[in-house]
Amino acid sequence: MHPGGPMLVLAGAGSGKTRTVVYRVARLLEDGVEPTAILLLTFTNRAAREMLQRVGELVGRDVGRIMGGTFHSVGNRLLRRFGDRLGYPASYNILDREDSRDLMAAALADVVPRTPDRRLPGAAVLVELYSLVINTGRPLSEVLAARFPQFAADEEVVEAVFRRYLERKRAAQVMDYDDLLLNWLLLLRQHGDVRRQLAARFQHVLVDEYQDTNRLQADIVDTMLGPARNLLVVGDDAQSIYAFRGAEYANILSFPERYPDCATFRLEINYRSLPPILAVANASIACNRKQFPKQLRAVREGGDPPVVVAAPTPEGQAAFVAHQVLELLDEGVPLGEIAVLYRNHSHSLEVEMELARRNIPYEVRSGLRFFEQRHVKDVLAHLRFVANPRDEVAFSRMARLRPRLGQRLVARIWGELERASEPLATLGRLDAAQLGLPGAAARSLRELAALVARLERLTEHPGEMVREVLAGGYREVVRAQFDNAGSRLEDLEQLALFADGYDSLSAFLDEVTLMNELSGEDVAARPGETERLTLSTIHQAKGLEWRVVFVVWLAEGRFPAARAEDMEEERRLFYVACTRAKDRLFLCHPLLARDRYRVDVVTEASRFLTELPPPLCEHWLLEEAAKAEPEALPGGGAYRLPGFFPGDDVN
C-alpha cells in the first residue's frame with residue numbers, strides 16, 4: 001500500500017472506485033490507524049454509509065468512530081462543536097431550501113417594501129444566486145453577468161438583500177446549507193487553534209467524487225490537512241458534468257500542480273460495459289484536450305456495436321424507442337434494466353407521449369413528468385381557460401401569476417365572471433375601480449384581459465398560443481421566480497413545438513389531458529411487480545447503470561445544447577451517457593424537426609456522433625411508418641349512472 005501523502009486516483013467509469021476507497025480505509029485500520037483519525041467525505045450520506053459498512057465487513061469490527069458523510073453533514077457536526085467561535089450556539093437550526101426561500105423573501109420585502117418599478121428576482125432565484133456566489137467564490141457581479149444577465153442592473157439591490165438575509169439568519173441563530181460549508185472554512189481560517197486540533201485528529205482525509213467539488217469544498221479539504229498531507233482524492237475528470245451548480249473542473253485537473261509530490265493511480269479496467277460500448281466512449285472522450293488521458297478496458301467479452309439511429313422525425317424517434325422496448329421485453333429484458341437518457345428534460349416530451357399511448361409504464365428520475373411540472377401547468381392554465389372559460393381552477397392559476405393579484409382579489413374577479421353569460425368578453429369589460437382593485441392589481445387585470453383576447457384569436461394555432469403566453473409576461477415570471485430558468489424556458493419552447501402539430505386548441509388539450517397515468521400492471525413481468533422503464537436526464541443518471549440505454553435527441557443545438565459554453569463538458573456528458581450502458585446502446589437523432597413557424601427543418605446529427613470512427617457503430621436509417629386506419633369500436637353497453645346523478649344519462 002502507498003505509505004501516505006497526497007494521492008490522486010483517476011477512476012474511470014465502471015472501474016470500481018468505491019472498492020478502492022473501501023480497501024484504502026480498511027488497510028489504514030489494519031495498519032493501526034485509529035478510526036477517529038480518518039475523515040471520509042462523500043457526496044451522499046448513503047454512499048458514506050455503504051462504504052463504511054463494507055469496511056466493517058472487511059475488517060470484522062465496528063467502524064462507527066470513523067467520521068464519514070457529505071461535506072454538509074460533516075460541517076454540521078464540526079460546527080455543533082466549534083460554532084460558538086463564530087457566535088453560533090450549539091443549538092442553531094438548519095434551514096432547508098424552502099425555509100431559505102421564505103427567509104430570503106422576507107429579506108427582499110425588508111429592502112424593497114413597495115412594488116418596484118420593474119421586476120426584481122424572486123426568492124427562489126435569489127437563493128440560487130446566493131448559493132452560486134458562496135460555493136464558487138466568484139464576485140456577485142460576475143455571477144450575475146454569467147447566469148442572470150437580466151438582473152445585472154439590480155446588483156446593488158441584490159447585494160442589499162443578501163446583507164439583510166445574513167442579518168436575519170444571524171438574529172434567528174440559523175444556518176442554511178451553504179453556511180455549513182462557508183462557516184466550516186471560516187472556522188479553519190480564523191481560528192488557528194481549531195485548525196491545528198482538527199489537523200491533528202484527522203490524519204487521513206479521503207474524498208470521493210472529487211471532480212464534483214466546488215471551490216469552497218476544495219479549499220476546505222486543503223485547509224484540513226496536517227503536515228503529513230495524507231490526502232486521497234478519487235474521481236474521474238471525464239465525468240465532471242456539474243459546472244451549472246458550481247462544480248470546479250479545475251480542482252481535479254490542477255491537483256498535481258497544487259500537490260507536485262502527489263502519487264497518481266489510474267483505474268482503467270471497466271467491470272460494467274461490453275467492449276464495443278467502451279470503444280465508443282473512449283473514442284469520444286479522446287476528442288477533449290483538457291483531461292487526464294485514459295483508455296477504459298473491458299473485463300467482459302463480446303457484445304454488439306452501439307447503434308446510431310436516424311429517425312425521420314422526433315415522433316419517429318419516440319416510436320422507435322417504444323417499439324424497441326417492447327421487443328426487449330419479449331427478449332426477457334426487464335423494464336427496470338432499460339433507460340432513456342437525454343440532455344434536457346424537454347427532450348422527453350415525445351417519448352413520454354409515445355410510452356403512454358403504448359401503455360408502457362415509466363418513471364422520470366429527473367423530476368416530475370413533463371406535463372406535471374409547474375411551469376408547464378402554468379402555461380396550460382391559460383389555454384384551458386380560453387378553451388373553457390367556466391374553468392375556475394385554470395383561471396385562478398393563470399390570474400395569480402400576475403403581480404398584486406392574490407387569492408382574495410382573484411376570487412372577487414371570478415365572482416363577476418361566474419355570473420356572466422360570456423366570461424371571456426366580460427373579462428375585457430370589468431371595471432377595476434368597481435371591483436375595488438388597487439392600482440397595481442388593476443393594471444395586472446388589464447394586461448391579463450388583453451392577453452386572453454390575443455389568445456382567443458389563436459385557437460387554431462396552439463403552439464402560437466404557448467408563445468403568446470410567454471411573450472405576454474410569463475417569460476419574465478420564469479426568469480424572476482424559478483431556479484434553472486433557462487432549462488424551463490427550453491421546456492416551454494419544446495411544448496410550443498409539440499403543440500404546433502395540432503390544428504386546434506381542443507385537439508391539443510385533449511391529447512395532453514388524456515395521457516394515461518400508468519400503473520405498470522399490464523406490462524409487469526410477474527404478478528406483484530411494478531417495474532418501470534427509466535427516463536432521466538444524464539445529470540441525474542450519473543452513477544447508475546442499465547443493461548440497455550437509449551440516448552435521444554443527439555442533434556446539434558439539442559445535444560450539445562445550443563447555448564453550451566463549454567463543449568468539452570458537453571462531450572463529458574455524452575461520455576457519461578454511453579458508460580451507463582452494460583450490454584446495448586442506441587444513439588438516436590431525428591432527421592427533421594419542426595420549428596416555431598411550423599416548418600420542417602433538417603437537423604444535423606450531433607458532433608458527438610459524426611466525430612466517431614464509422615466502424616465503431618452500426619447505422620440504422622428509419623423510414624416514416626404508414627398510419628394505420630383506426631379499428632372499428634364495439635357498440636355501447638348497458639351502464640347507467642348512479643341514482644344520485646340528476647337525469648337519466650346526463651352528467
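Two strands pair if DSSP finds at least two bridges between them. Strands (E, at least two residues) and helices (H or I, at least four) are DSSP runs, numbered from the N terminus.

## Basis

The model is predicted: local features need pLDDT of at least 70 and side-chain atom pairs 80 or more, while totals for chains, interfaces and linings use all residues. Residues count from 1 along each chain as its sequence is written, and side-chain values use heavy atoms, without hydrogens or water.

## The seven-stranded sheet

One open sheet holds seven strands, ordered β13-β14-β12-β15-β16-β11-β19. Its pairing is parallel. At the edges lie β13 (362-364) and β19 (618-621), each paired on one side only. Neighbouring strands are turned by 20° against each other on average, direction ignored. Angles run from 0 to 180 degrees between N-to-C directions, and axes are lines fitted to C-alpha atoms, for helices over the stretch in contact.

Strand β12 (residues 338-342) has β14 and β15 as its neighbours in the strand order. With β14 (residues 533-537), β12 shares four bridges, and the two run parallel. Tyr342 has Thr537 as its bridge partner in β14. With β15 (residues 546-551), β12 again pairs in the parallel sense, over four bridges. There, Val340 stands opposite Phe550.

The pairing continues from β15 to β16 (residues 581-590), parallel, over five bridges. Val551 faces Leu587 of β16 in that pairing. Helix α26 (residues 567-578) lies across β12, β15 and β16. The helix runs at about 130° to β16. Contact here means heavy atoms within 4.5 Å.

## How enclosed is strand β12?

What share of the five residues of β12 is buried? Five of the five are, so the strand is largely enclosed by the rest of the structure. Buried means under 20% relative accessible area, exposed over 50%, partly exposed in between (1.4 Å probe, protein chains only).

The burial holds on both faces of β12. One side carries Ile338, Val340 and Tyr342. The other carries Ala339 and Leu341. Two of these residues also mark the strand pairings: Val340 is set against Phe550 of β15, and Tyr342 is bridged to Thr537 of β14.

## The six-stranded sheet

A second open sheet has six strands in the order β3-β2-β6-β7-β1-β8. This pairing, too, is parallel. The edge strands are β3 (67-70) and β8 (263-267), and each pairs on one side only. Twist from one strand to the next averages 15°.

Strand β1 (residues 7-11) pairs with β8 in the parallel sense over five bridges. Val9 has Phe265 of β8 as its bridge partner. Across β2 (38-42), β3 and β6 (204-207) lies helix α3 (residues 71-82), at about 125° to β3.

## Helix α16 against helix α17

Two packed helices are described by the angle between their axes and the distance between the axes. Helix α16 (residues 374-387) and helix α17 (residues 392-399) have axes that come within 8 Å and cross at roughly 120°.

On the α16 side, the contact uses Arg374, Lys377, Asp378, Ala381, His382, Arg384 and Phe385. Helix α17 contributes Ala394, Phe395, Arg397 and Met398.

## Two buried helix residues

Ala441 sits in helix α21 (residues 439-456). Its relative accessible area is 0%, so Ala441 is buried. Leaving aside neighbours within four places in sequence, Ala441 is in contact with Pro403, Arg404, Leu405 and Leu409. Leu592 lies 151 residues from Ala441 in sequence and 45 Å away in space, C-alpha to C-alpha.

Thr426 belongs to helix α19 (residues 423-429). With 14% relative accessibility, Thr426 also counts as buried. Not counting residues up to four places away in sequence, Thr426 touches Leu417 and Ala420.

## Backbone in the loops

Which peptide bond is cis, with omega near 15°? The bond from Phe559 to Pro560. Pro560 is placed in the loop between β15 and α26.

Glu209 is not a glycine, yet has a positive phi of about 55°. The residue lies in the loop between β6 and α10 (215-224). Glu209 is buried, at 16% relative accessible area. Arg229, another residue other than glycine, has a positive phi near 50°. Arg229 is in the loop between α10 and β7 (231-235). At 27% relative accessibility, Arg229 counts as partly exposed.
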